[in-house]
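The exercises below ask the reader to work through one structure step by step. Please try each task before turning to its solution.

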Amino acid sequence: MAEVLNGTFKAELIEMQGPWRDVGQVERTIFQWITWYNEERLDSALGYVPPTEYERDFWRSQEQVAQSA
């Protein structure tokens with residue numbers, strides 16, 4: 001899975017958005033991509049829900065289960 005993620009990262013970010021002016025620009029862009037990937041993208045494995053929304057809903061459901069027990 002890590003190789004797939006690295007391939008996606010290289011294809012979508014490094015190769016498509018260059019050339020780069022300096023290291024700072026690359027670092028900022030990488031941070032923005034990671035934030036998008038972890039928090040905003042629609043993930044097919046999660047029912048096309050962003051990961052942060054899926055996690056929030058999961059923890060809410062766990063709280064409801066604990067309260068009803």
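**Exercise 1.** Which residue's side chain is joined by a polar contact to the side chain of Arg 41, and what is the distance? Then classify the pair by charge and by burial.

*Solution.* The model is a predicted one, in which local features need pLDDT of at least 70 and side-chain atom pairs count only at pLDDT 80 or more, while totals for chains, interfaces and linings use all residues. Residues are numbered from 1 along each chain as its sequence is written, and side-chain values use heavy atoms, with hydrogens and water left out.

Step 1. The partner is Asp 43, whose side chain makes a polar contact of 3.3 Å with that of Arg 41; a polar contact is a pair of N or O atoms within 3.5 Å, where within protein one must be able to donate a hydrogen and the other to accept it, and residues adjacent in sequence count only if both atoms are side-chain atoms.

Step 2. Asp 43 and Arg 41 also form a salt bridge, with their closest N and O atoms 3.3 Å apart, the term standing for a side-chain nitrogen of Lys or Arg within 4 Å of a carboxyl oxygen of Asp or Glu.

Step 3. Arg 41 lies in the loop between H2 and H3, where helices (H or I, at least four residues) and strands (E, at least two) are DSSP runs, numbered from the N terminus. Arg 41 counts as buried because its relative accessible area is 16%, given that buried means under 20%, exposed over 50% and partly exposed in between, with a 1.4 Å probe and protein chains only. Both partners, Asp 43 and Arg 41, are buried.

**Exercise 2.** How many salt bridges does the rule give? Describe the pair that involves Asp 57.

*Solution.* Step 1. The count comes to two salt bridges.

Step 2. In the pair with Asp 57, the side chain of Arg 56 is the partner, at 3.2 Å from N to O.

Step 3. Asp 57 is partly exposed because its relative accessible area is 35%, and Arg 56 is likewise partly exposed, at 41% relative accessibility.

**Exercise 3.** At which residue does H1 bend, and by about how many degrees? Compare the span of the helix with its expected value, and place two of its residues.

*Solution.* Step 1. Helix H1, residues 2–17, has 16 residues and reaches 21 Å from its first C-alpha to its last, close to the 22 Å expected at 1.5 Å a residue; the expected span is 1.5 Å times one less than the number of residues.

Step 2. The bend is found at Lys 10 and amounts to about 35°, taken as the angle between axes fitted to the seven residues ending there and the seven starting there.

Step 3. Leu 13 is found in helix H1 and counts as buried because its relative accessibility is 1%. Glu 15 is also found in H1, yet Glu 15 is exposed, with a relative accessible area of 60%.

**Exercise 4.** What is the sign of phi at Tyr 48? Set the value against the general tendency.

*Solution.* Step 1. Tyr 48 has a positive phi of about 60° although it is not a glycine. Most residues other than glycine have a negative phi.

Step 2. The residue is placed in the loop between helix H2 (23–39) and H3, and Tyr 48 counts as exposed because its relative accessibility is 57%.

**Exercise 5.** Which residues form a nonpolar patch on the surface? Locate one member and relate it to H1.

*Solution.* Step 1. The patch consists of Tyr 54, Phe 58 and Trp 59, with about 340 Å² of accessible area together. Patches are made of residues with over 30% relative accessible area and no salt bridge, like charges being joined within 9 Å and nonpolar side chains (Val, Leu, Ile, Met, Phe, Trp, Tyr) within 5 Å; accessible areas come from the Shrake-Rupley method with a 1.4 Å probe, and for residues only the protein chains shown count as cover.

Step 2. Tyr 54 is in helix H3, residues 51–68, and counts as partly exposed because its relative accessibility is 43%.

Step 3. From Glu 15 to Tyr 54 the separation is 39 residues in sequence and 30 Å in space, C-alpha to C-alpha.
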